[in-house]
Amino acid sequence: RSNGLDCSGYVSWNVHNGGFDPGDIGAGLSYGLDMTDIGDYTRLTYDLIQSGKVKPGDLLSIDGHIAFITGIDDDSIYVAESLSIFKGVVLNKYSKKTINKSFPYVVLMDDYYKEDGNLTYMWY
């Protein structure tokens, strides 16, 4: 954490490199702005995932933690997150059917990133 890349620092770094300046804000239960304030705080459901609205680059949230979708395939969502128990960034694979048990909310980021037309469903 001495480099500032806790979960919100890591997500901020990714969002910044995606073309949006998130400023100096935290995640989860912070006082004032948090990362989920930069977009709509939407309940994550299997139906929403299947609709195609959830994409790599979107943020996943649970109180006190935020993560970054890096890939989606037929059955799974791949999530990069900075976890203090691992002392760094890890890539985790979650089932589309049960990911909402780990992350009940998604921040859809379409309106925030640069629109270059080069969406890819795997970023790792």
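Which residues does Asp58 touch, not counting residues up to four places away in sequence? I pulled up the neighbour list and got Lys53, Ala67, Phe68, Ile69, Val106, Val107, Leu108, Met109 and Asp110. A reminder to myself before going on: this is a predicted model.

**Entry 1: Asp58**

I placed Asp58 first, and it sits in the loop between α2 (46-50) and β2 (59-62). Next I looked for a charge partner. Asp58 is buried but has no salt bridge. The nearest side chain of opposite charge belongs to Lys55, and that one is 6.2 Å away. A salt bridge would need a side-chain nitrogen of Lys or Arg within 4 Å of a carboxyl oxygen, so Lys55 at 6.2 Å does not make one.

What does the side chain of Asp58 reach instead, at 2.7 Å? I found the backbone nitrogen of Lys55 there. So Lys55 turns up twice in my notes on Asp58, with its side chain 6.2 Å off and its backbone nitrogen at 2.7 Å. I also noted the backbone nitrogen of Met109, which lies 2.8 Å from a polar atom of the Asp58 side chain. Met109 is on the touch list as well.

**Entry 2: the whole chain**

I stepped back to get the layout. I count three helices and six strands in the protein chain. Read along the sequence, the order is α-β-α-β-β-β-β-α-β. The chain has 124 residues, and 45% of them are buried.

I then checked how far along the sequence the contacts reach. Of those with a separation of 6 or more, 52% join residues 24 or more positions apart. For the surface, I have about 7,200 Å² accessible, with 48% of that belonging to carbon and sulfur atoms.

**Entry 3: α1 and the glycine after it**

Is helix α1 (residues 7-17) mostly covered or mostly open? Mostly covered: eight of its eleven residues are buried. I wrote them down as Cys7, Ser8, Gly9, Tyr10, Val11, Ser12, Asn14 and Val15. I then asked what covers them, and the list includes β2, β3 (65-72), β4 (76-83) and β5 (88-95).

Just past α1, I stopped at Gly19, which takes a positive phi of about 110 degrees. Gly19 belongs to the loop between α1 and β1 (41-43). Its relative accessible area is 37%, so I filed it as partly exposed. I also looked up a long-range pair here: the C-alpha atoms of Gly19 and Tyr112 are 7.5 Å apart, though 93 residues separate them along the chain.

**Entry 4: the cores**

How many residues are in the largest nonpolar core? I got 14, and those with the most contacts inside it are Leu44, Val54, Leu60, Ile77, Val79, Ile99 and Phe103. α2, β3 and β4 each put in at least two residues, and β3 gives the largest share, three. There is a second, separate core of eight residues, including Leu59, Ile66, Phe68 and Met109. I recognised Phe68 and Met109 from the Asp58 list.

I opened up Leu44 too. Leaving out residues up to four places away in sequence, it touches Ile49, Val54, Leu60, Ile99, Asn100, Phe103, Pro104, Tyr105 and Val106.

**Entry 5: Val106**

Val106 kept coming up, since it touches both Asp58 and Leu44, so I gave it its own note: it is buried, at 0% relative accessible area. It is in strand β6 (residues 105-107). Among its other touching residues are Asp40, Tyr41, Thr42, Leu48, Val54, Leu59 and Leu60. For spacing, I have Val106 and Ala67 at 9.5 Å, C-alpha to C-alpha, with their positions 39 residues apart in sequence.

**Entry 6: two threonines**

Which of the loops holds Thr45? The one between β1 and α2. Its relative accessibility is 31%, so Thr45 counts as partly exposed. A polar atom of its side chain lies 3.0 Å from the backbone nitrogen of Leu48. Thr45 and Pro104 are 59 residues apart in sequence, yet 7.8 Å apart C-alpha to C-alpha.

Thr70 is in strand β3. At 7% relative accessible area, I put Thr70 down as buried. I paired Thr70 with Glu81, eleven residues apart in sequence, and their C-alpha atoms are 9.8 Å apart.

Definitions and conventions:
Residues are numbered from 1 along each chain as its sequence is written. This is a predicted model: local features need pLDDT of at least 70, side-chain atom pairs count only at pLDDT 80 or more; totals for chains, interfaces and linings use all residues. Side-chain values use heavy atoms; hydrogens and water are left out. Helices (H or I, at least four residues) and strands (E, at least two) are DSSP runs, numbered from the N terminus. Buried means under 20% relative accessible area, exposed over 50%, partly exposed in between (1.4 Å probe, protein chains only). Lys and Arg count as positive and Asp and Glu as negative; His and the chain ends are not counted. A polar contact is a pair of N or O atoms within 3.5 Å; within protein, one must be able to donate a hydrogen and the other to accept it, and residues adjacent in sequence count only if both atoms are side-chain atoms. Contact means heavy atoms within 4.5 Å. Accessible areas come from the Shrake-Rupley method with a 1.4 Å probe; for residues, only the protein chains shown count as cover. A nonpolar core is a set of buried Ala, Val, Leu, Ile, Met, Phe, Trp, Tyr and Cys residues joined through side-chain atoms within 4.5 Å.
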